[in-house]
Amino acid sequence: MSYDPPHPAQHLTHPWQPLSPAPHHPPHRPPRTSFGHHSDLRVLRNAYRRQRRTATLTALGYFTLFLILSACAPGVMTSTVADGIPAGLLLALTQLPVTFLAIALYERTARRHVDPLANRIRREAELDARQGANR
């Protein structure tokens, strides 16, 4: 049996005492600055997430609907709508405007909801940085 020297942070009263793990010290955290508005960042993240989901589900939802109709309802897709144009062709051609609608929806929600939040947080961060530099 060999003798292991004690860990520097460990004080043993007896040499046969089993080694216990070193005491756990929580990591050092820097002091909070005034720019720690986690709720603002959470609101911005949620707005951006909602924006992405809406635009993505608009475009992919329509495409998925088109694929499901093509696979499961060929009678609907081959039926003629107007002047001998099949419904499948009309639905396929409608996909491009739906994609542009998703892009427009993405840009509109960015301008109305996400960009103002991001600009406000950016201004607050710049103000906090200037105040920190003046200290």
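Here are four short exercises on the chain shown above, each with a worked solution.

This is a predicted model, in which local features need pLDDT of at least 70, side-chain atom pairs count only at pLDDT 80 or more, and totals for chains, interfaces and linings use all residues. Residues are numbered from 1 along each chain as its sequence is written, and side-chain values use heavy atoms, with hydrogens and water left out.

**Exercise 1. The overall layout**

Work out in which order the elements of the chain run from the N terminus.

Solution. Start with the tally: the chain has 3 helices and 2 strands. Helices (H or I, at least four residues) and strands (E, at least two) are DSSP runs, numbered from the N terminus. Next, put them in order, which gives α-α-β-β-α. Lastly, turn to burial: 16% of the 135 residues in the chain are buried. Buried means under 20% relative accessible area, exposed over 50%, and partly exposed in between (1.4 Å probe, protein chains only).

**Exercise 2. A nonpolar patch**

Find which residues make the nonpolar surface patch of about 450 Å².

Solution. Begin with the rule: patches are made of residues with over 30% relative accessible area and no salt bridge, where like charges are joined within 9 Å and nonpolar side chains (Val, Leu, Ile, Met, Phe, Trp, Tyr) within 5 Å. A salt bridge is a side-chain nitrogen of Lys or Arg within 4 Å of a carboxyl oxygen of Asp or Glu. Areas come from the Shrake-Rupley method with a 1.4 Å probe; for residues, only the protein chains shown count as cover. The members are Val81, Ile85, Leu89, Leu90 and Leu93. Helix α3 (residues 87–134) gives the most, with 3 residues. Leucine 93 sits in helix α3 and counts as exposed because its relative accessibility is 58%.

**Exercise 3. An unusual backbone angle**

Describe the phi of aspartate 83 and where this residue is found.

Solution. First, the background: most residues other than glycine have a negative phi. Aspartate 83 is not a glycine, yet its phi is positive, about 55°. Now place aspartate 83: the loop between β1 (80–82) and β2 (85–86) holds it. With a relative accessible area of 83%, aspartate 83 is exposed.

**Exercise 4. Around threonine 109**

Trace what threonine 109 is in contact with, leaving aside its neighbours within four places in sequence.

Solution. Locate threonine 109 in helix α3. Its contacts (heavy atoms within 4.5 Å) are then Gln51 and Val114. Finally, compare sequence with space: threonine 109 and threonine 54 are 55 residues apart in sequence and 9.5 Å apart, C-alpha to C-alpha.
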